[in-house]
Amino acid sequence: MRVGNRSKWSIALLAVLLVMPTASGCGKKETIKVGIEQNFRPFTYMEDGEKKGFEVDLWQAIAQKAGIQYELVPMEHGELLKSLKSGGVDLALAGMTVSNARKNNLDYSSPYFQTGLVVLTSTDNGVIKGKDDLTQKVVATKNGSTAFNYAGEIQGAKIRSYSNIADIYNELKNNTVDAAIFDERNAHDFLQDKAQGQVKMVGQAFNKERYAVVGKKRNDYIGKVNKGIEAVSKDGTYETMYTKWFGSKPDVMPDKIKKDMEYEMQHETVKGRE
Ligand code: GLN
């Protein structure tokens with residue numbers, strides 16, 4: 001078939017028009033901002049100017065699978081949700097517990113870690129043996145955290161809240177509060193690293209804390225992140241990283257955590273519990 005000069009130009013123009021939107025969409029890959037906490041060991045923290053932690057490592061692998069280009073932005077825990085809302089960061093990653101109450105305002109990825117809350121007290125405290133001994137006691141906890149919400153429900157406890165967990169641990173060491181409630185793995189890290197035998201964990205861990213990546217409602221990334229989490233769980237990356245940071249293989253893998261969480265959230269009866 002003979003194609004005239006004019007038709008050739010039309011075809012060329014059409015080709016350019018078809019390619020253009022794709023080219024401009026792919027050529028410059030967007031770098032998103034991911035907020036992390038600067039002091040939430042061993043998940044996300046700063047040390048010698050470096051961003052470190054289990055979540056920092058795991059996120060790198062997840063983002064790679066998901067094809068997400070990112071920059072980590074360290075900040076205080078209290079700033080994370082504010083920054084998400086104002087658009088300062090696109091996602092947040094800092095042991096963020098999924099809860100029904102928070103789900104009303106935020107979107108969560110599938111959970112990738114399961115833990116609990118614990119009570120800490122001075123090593124020489126013989127009275128506080130667990131969460132049921134906190135009536136009339138001064139209990140320290142972190143502002144806006146799930147532990148803070150839990151503590152608020154303890155009848156008669158005198159709650160003191162702080163924005164940095166380091167201050168709570170100092171209060172415990174100085175015996176200026178009776179007890180503290182916080183996430184188990186972070187507390188465990190403190191006991192091993194900085195408590196110098198002055199603080200102990202009492203009773204059993206309670207409250208299920210499942211950590212997930214969090215973003216604004218209807219953001220563009222959570223779907224991709226979920227695929228990334230699935231991929232790193234299946235190819236052994238999750239297990240390797242977990243073992244590196246926690247010294248043993250995981251008890252539960254992310255797919256099981258997700259199933260249990262979905263079941264429980266559907267059957268949740270405690271209204272407003274964070
Ligand atoms: N897991 C707790 C929460 O989501 C604490 C997280 C943190 O302090 N980084 O509130």
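**View 1. The ligand sits between two domains.** Domain 1 (31-112 + 212-267) and domain 2 (117-208) both give residues to the shell around the ligand, so it lies between them; the domain bounds come from an automatic or database domain assignment. This is a predicted model, where local features need pLDDT of at least 70 and side-chain atom pairs count only at pLDDT 80 or more, while totals for chains, interfaces and linings use all residues. Residues are numbered from 1 along each chain as its sequence is written. Look around the ligand and you'll meet, among others, Glu37, Phe40, His77, Lys142 and Asp183 (a residue counts if its C-beta atom, placed from the backbone, lies within 6 Å). Sorted by class, that shell has three nonpolar, five polar and four charged residues, with Gly counted as polar.

**View 2. Here is the largest nonpolar core, with 37 residues.** Such a core is a set of buried Ala, Val, Leu, Ile, Met, Phe, Trp, Tyr and Cys residues joined through C-beta atoms within 7 Å, and buried means that 20 or more other C-beta atoms lie within 10 Å of a residue's own. Ile62 and Leu91 are among the residues that touch the most other members. Helix H2 (54-66) is one of the elements giving two or more residues, and H2 gives the most, with seven.

**View 3. Zoom in on helix H2, a DSSP run (H or I, at least four residues).** Its buried residues include Phe54, Trp59 and Ile62. At 1.5 Å a residue, the 13 residues of H2 should span 18 Å, and its end C-alpha atoms are indeed 18 Å apart. Just past H2, Gly67 takes a positive phi of about 70°.

Key: A residue is buried if 20 or more other C-beta atoms lie within 10 Å of its own, exposed if 12 or fewer, and partly exposed in between; C-beta atoms are placed from the backbone. The expected span of a helix is 1.5 Å times one less than its number of residues.
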